[in-house]
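Good morning, colleagues. Today I shall discuss a ligand site and the empty spaces of one protein model. Please have the structure open as we proceed.

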Amino acid sequence: MLYIKNKLTFDKKNVESLAKKYGTPLYCYSFNKLKSNILELKKYFRSFSPLICFAVKSNTNTKILNEIKKFNLGADVVSLGELMKALKAGINEKKIVFSGVGKTSTELNYAIKKNILLINAESKSEILEIEKIAKKKKKIVDIGIRLNPNTDAQTLSQISTGKKENKFGVGEKVFLQLVEYIKRSQNLNLKCLSVHIGSQILNHKPYQNMLKVVDRTIRKSKYKFEYIDLGGGMGIDYEHDNSKLNLKKYSQDIKKFLKIHKSKIIFEPGRSIIGNSAILLTKIVYIKEGDKKDFVILDVAMNDLMRPALYGAKHKIIPLKKSNQKSKKMYEFVGPICESTDTFSTIKKYQKLKEKDFLAICDVGAYGVSLASNYNVRPKPLEILIKNSKVQILKKRQKISELI
Ligand code: LLP
């Protein structure tokens with residue numbers, strides 16, 4: 001993103017022309033950004049060439065999945081729908097891992113039928129269910145067990161998953177019992193220890209702690225795991241102040257770990273691949289003067305981008321045309337939905353705005369559209385991709401008639 005003569009450009013395209021041509025709200029992705037994120041992850045982890053399984057939940061657009069597949073990535077899925085989409089996008093079944101605490105027997109049956117790489121089980125009951133299905137099908141199914149390492153990810157509590165009070169995975173004691181159980185099973189083949197402590201992690205220390213627990217658990221189990229799946233969670237720079245995760249340090253810690261445990265590493269990143277590759281364009285509908293602040297009422301709402309309402313997450317909001325004139329009061333940027341949490345940000349000393357101006361909400365590629373809904377009977381927004389200086393439609397704007 002770059003201002004040229006005070007006008008915002010994204011992947012060398014003038015953003016205001018896109019907003020005018022395609023209408024708002026508009027999700028706009030950059031292929032170049034997506035590509036450089038993937039190459040960056042590959043670069044940092046090159047020495048142990050992990051299998052990178054894109055967390056489909058972060059962005060489920062089939063065309064995006066297809067682009068990601070071309071970089072030889074696999075997929076981390078958490079539902080039948082995501083699994084079907086990953087396969088439809090052409091992702092090889094031997095690069096698909098299936099996570100989640102509540103996989104139903106329908107979902108497990110389908111995953112087993114498709115011979116995916118791994119089902120990462122999260123409880124004894126799930127393991128028994130997989131075994132039952134495998135027996136019926138006369139198959140040996142490759143599975144992992146998700147360890148809950150009781151590690152604080154030092155991120156928002158709503159997106160922390162690695163503490164013992166969280167529903168995810170099993171604690172070390174149960175983990176060790178399950179290893180023994182699976183070792184004796186005729187229909188299960190234990191291949192993986194998986195772990196995922198949370199999302200938007202900016203400090204590498206929690207990963208260090210997690211690796212210590214994984215190391216201890218493997219030693220206690222005396223089991224040779226073909227794969228160690230370290231999950232995703234690598235945080236990105238939403239504040240635009242260079243506060244992203246130090247991948248170099250994380251990579252060095254993994255290298256140390258691999259000197260002792262000779263396993264193949266799997267990652268399940270979502271946000272770090274797609275997060276900063278998209279902006280959400282919006283038009284100001286009205287500006288309502290308030291007492292201490294003015295409300296900038298946008299045509300985009302919490303149904304289009306849930307993160308601020310759901311987690312108090314912050315996304316930068318930037319103008320498409322820069323000016324030096326400052327607003328007198330602070331601005332609160334809000335959507336039109338009848339909920340007080342339908343608000344994006346309150347900013348002091350913003351440039352002076354007027355009705356019908358366009359704005360861009362930054363870093364919305366991950367958990368943006370994938371969390372969008374039709375709340376208030378609002379159609380889902382149009383999604384476009386800029387690739388090789390051309391604009392492709394990723395998903396058409398939903399027609400209001402589809403909703404009525
Ligand atoms: N693997 C597992 C098992 C996960 O549960 C998740 C995310 C990931 C991988 C990918 O994590 P990532 O690399 O994207 O951080 N809606 C929230 C994020 C929820 C994440 C849930 N699990 C948000 O908007 O911040």
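Let me begin with Ser-199, which places a polar side-chain atom 2.3 Å from an oxygen atom of the ligand. Please bear in mind that this is a predicted model, and that the distances I quote are computed from it. Glu-268 also makes a polar approach, with a side-chain atom 2.6 Å from a nitrogen atom of the ligand. For Lys-57, a polar side-chain atom lies 3.4 Å from an oxygen atom of the ligand. How much of the ligand's surface does the protein bury? Taken alone, the ligand exposes 590 Å², and the protein buries 92% of that area.

I turn now to the surrounding shell. It comprises 18 residues, and the closest are Ser-199, Glu-268, Arg-307, Tyr-311 and Tyr-367. By class, this shell is divided into 6 nonpolar, 6 polar and 6 charged residues. Where does the ligand lie with respect to domain 1 and domain 2? Both domain 1 (2-29 + 275-403) and domain 2 (100-267) contribute residues to the shell, so the ligand lies between them.

The next topic is the pockets. The ligand sits in the largest pocket, whose volume is about 620 Å³. Its lining consists of 31 residues; those nearest the centre of this pocket are Lys-57, Thr-161, Phe-168, His-196 and Tyr-367. Lys-57 is thus a residue we have met already, through its polar side-chain atom 3.4 Å from a ligand oxygen. Tyr-367, too, was named before, among the closest residues to the ligand. The lining of the largest pocket divides into 10 nonpolar, 13 polar and 8 charged residues. Domain 1 (2-29 + 275-403) and domain 2 (100-267) each supply at least three residues to that lining.

The second largest pocket encloses about 380 Å³ of space. It is lined by 21 residues, and Lys-316, Ile-317, Ile-318, Ile-347 and Tyr-350 lie nearest its centre.

Finally, I come to enclosed space. How many cavities of 30 Å³ or more are there? The count is 1, and the largest cavity has a volume of about 40 Å³. Its lining is formed by Ser-99, Asn-120, Arg-146, Ser-194, Val-195, His-196, Asp-229 and Glu-268. By class, these residues divide into 1 nonpolar, 4 polar and 3 charged. Glu-268 therefore deserves a second look on your screens: this residue lines the largest cavity, and its side chain also has a polar atom 2.6 Å from a nitrogen atom of the ligand. His-196 likewise lines the largest cavity and is listed among the residues nearest the centre of the largest pocket.

Technical notes: Residues are numbered from 1 along each chain as its sequence is written. This is a predicted model: local features need pLDDT of at least 70, side-chain atom pairs count only at pLDDT 80 or more; totals for chains, interfaces and linings use all residues. Side-chain values use heavy atoms; hydrogens and water are left out. A residue is near a molecule or strand if one of its heavy atoms lies within 4 Å of it. A polar contact is a pair of N or O atoms within 3.5 Å; within protein, one must be able to donate a hydrogen and the other to accept it, and residues adjacent in sequence count only if both atoms are side-chain atoms. Accessible areas come from the Shrake-Rupley method with a 1.4 Å probe; for residues, only the protein chains shown count as cover. On a 1 Å grid over the protein atoms alone, a cavity is a set of points where a 1.4 Å probe fits but cannot get out, and a pocket is an open set with protein on both sides within 12 Å along at least five of seven lines; lining residues have an atom within 4 Å of a point. A molecule sits in a cavity or pocket if more than half of its atoms lie within 2 Å of its grid points. Ala, Val, Leu, Ile, Met, Phe, Trp, Tyr, Cys and Pro count as nonpolar, Asp, Glu, Lys and Arg as charged, and the others, Gly among them, as polar. Domain bounds come from an automatic or database domain assignment. Grid points are joined across faces, edges and corners, and a volume is the space filled by probe spheres set on the points.
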